[in-house]
Amino acid sequence: MTSVLTRGRTVLLSTVSSDAHTWNLVYLQLLLEEHGHHVVNLGPCVPDEHLLTVARAVRPDAIVISSVNGHGHLDGARLIRTLRDDADLAATPAVIGGKLGIDGEDDDRHVQALLDAGFDAVVTEGTPASALAEFLAATPPPRAVDAGAPARAA
Ligand code: B12
């Protein structure tokens, strides 16, 4: 049997459910693709249940959540608890970043609660973008796939 390894991770990219900002997602998608990853970008205002449905179908190597409106500390915590309660997604590496609080100051105070809720990493505003690449590089490598098998759902 011939096996190949995909070049990068398959990354599910999304905002939290309340967040309507989109350029953050465009930026993050370009950044991830530049590092060789395959990105499934769900866009803004993604309901938790929709994200779970897509994640169960795509089985991403990692989930990247963006918060810009400042509700990441609430919506993100709820989302990751739901993900961690799902048998299929409980172990999927997940990171949240951006503007986690609404006042634009002292986002560090939200970090521990988001880690406790289930995120593997929390990236606060102003952290170099390389932190995201380093997080993904530290995730388990993509599974070997049978070269003759159909492409993974995207
Ligand atoms: C454009 C914009 C909008 C547009 C969005 C249009 C669109 N299609 O995206 C509209 C008008 C819809 C909008 C609405 C609102 N906005 Co607005 N918006 C902006 C604005 C001017 C630019 C955002 C942008 O596109 N930046 C460019 C992208 C590329 O950068 P970014 O979003 O900052 O994301 C970077 C980082 O956060 C980081 N990042 C983000 N996510 C992640 C995830 C990970 C894992 C990592 C590593 C990094 C990371 O990387 C990105 C690139 O550096 C900013 C102010 C500003 N100058 O930044 C306010 C701003 C984001 N908005 C703000 C607010 C409050 C709102 C509203 C609540 C206003 C209101 N009262 O209605 C609503 C929220 C609506 C909602 N439901 O979410 C605040 C957020 C405050 C906070 N969180 O601290 C800001 C900062 C303005 C301000 N100074 O008050 N907004």
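**Figure 1. Thr 10 and His 38 face each other across two strands.** Thr 10 sits opposite His 38, a residue of strand 3. We're looking at a predicted model here. Strand 2 and strand 3, the latter covering residues 38-41, run parallel and are held in register by 4 bridges. Strand 2 also joins up with helix 1 (residues 23-34) and strand 3 to build a β-α-β unit, and that unit is right-handed.

**Figure 2. Strand 2 has another partner, strand 4.** Strand 4, residues 62-67, pairs with strand 2 through 5 bridges, again in the parallel sense. If you'd like one pair to look for, try Val 11, whose bridge partner in strand 4 is Ala 62. Is strand 2 mostly covered or mostly open? Mostly covered: of the 6 residues in this strand (10-15), 5 are buried.

**Figure 3. Strand 5 and strand 6 make a parallel pair.** Here 4 bridges link strand 5 to strand 6, and the two strands are parallel. Ile 96 is a handy landmark, since Val 122 of strand 6 stands opposite this residue. Add helix 4 and you've got a β-α-β unit: strand 5, helix 4 and strand 6, with a right-handed crossover.

**Figure 4. Zooming out: the protein chain as a whole.** How many helices and strands does the protein chain have? There are 5 helices and 7 strands. Read from the N terminus, the elements come in the order β-β-α-β-α-β-α-β-α-β-α-β. The chain has 154 residues, and 33% of them are buried. Now think about contacts between residues at least 6 apart in sequence: 79% of these join residues at least 24 apart.

**Figure 5. Inside the largest nonpolar core.** This core is made of 30 residues, and the ones touching the most other members are Val 11, Val 64, Ile 65, Ala 94, Val 95 and Phe 119. Several elements give two or more residues to this core, among them strand 2, helix 1, helix 2 (48-58), strand 4 and helix 5 (130-137). Val 64 is a good place to start exploring: setting aside neighbours within four places in sequence, Val 64 is in contact with Val 11, Leu 13, Leu 28 and Val 95. As a general rule, nonpolar side chains in soluble globular proteins tend to be buried together.

**Figure 6. The shell around the ligand.** Which residues come closest to the ligand? They're Trp 23, Ser 66, Gly 70, Gly 97 and Gly 98, out of 23 residues that surround the ligand. Helix 1 gives the largest share of this shell, with 4 residues. Strand 4 and strand 5 (94-98) join helix 1 as elements that each supply at least two. Sorted by class, the shell has 10 nonpolar residues, 10 polar ones and 3 charged ones.

**Figure 7. Asp 75, a buried residue in helix 3.** You'll find Asp 75 in helix 3. Why does Asp 75 count as buried? Because 21 other C-beta atoms lie within 10 Å, and the cut-off for being buried is 20 or more. Leaving out neighbours within four places in sequence, Asp 75 is in contact with Val 16, Ser 17 and Ser 18. Asp 75 and Leu 100 are 25 residues apart along the chain, and their C-alpha atoms are 9.7 Å apart.

**Figure 8. Ala 113, a partly exposed residue in helix 4.** Helix 4 covers residues 111-117, and Ala 113 is one of them. Ala 113 counts as partly exposed because it has 15 C-beta neighbours inside 10 Å. That falls between the limits, which are 12 or fewer for exposed and 20 or more for buried. Setting aside neighbours within four places in sequence, Ala 113 makes contact with His 73 and Ala 77. Leu 74 is 39 residues away from Ala 113 in sequence, with 9.7 Å between the two C-alpha atoms.

**Figure 9. Cys 45 and Arg 59, two loop residues with positive phi.** Cys 45 isn't a glycine, yet its phi is positive, near 50°. Cys 45 lies in the loop between strand 3 and helix 2, and is partly exposed, with 16 other C-beta atoms within 10 Å. Arg 59 isn't a glycine either, and has a positive phi of about 50°. The loop holding Arg 59 runs between helix 2 and strand 4. Arg 59 has 14 other C-beta atoms within 10 Å, so this residue is partly exposed.

Conventions: Residues numbered from 1 in each chain as written. Predicted model: local features only at pLDDT ≥ 70, side-chain atom pairs only at ≥ 80, totals over all residues. Pairing = 2+ DSSP bridges. Right-handed = clockwise from strand over helix to strand, strands pointing away. Near = placed C-beta within 6 Å. Nonpolar A, V, L, I, M, F, W, Y, C, P; charged D, E, K, R; others polar. Contact = placed C-beta atoms within 7 Å. Core = buried A, V, L, I, M, F, W, Y, C linked by C-beta atoms within 7 Å.
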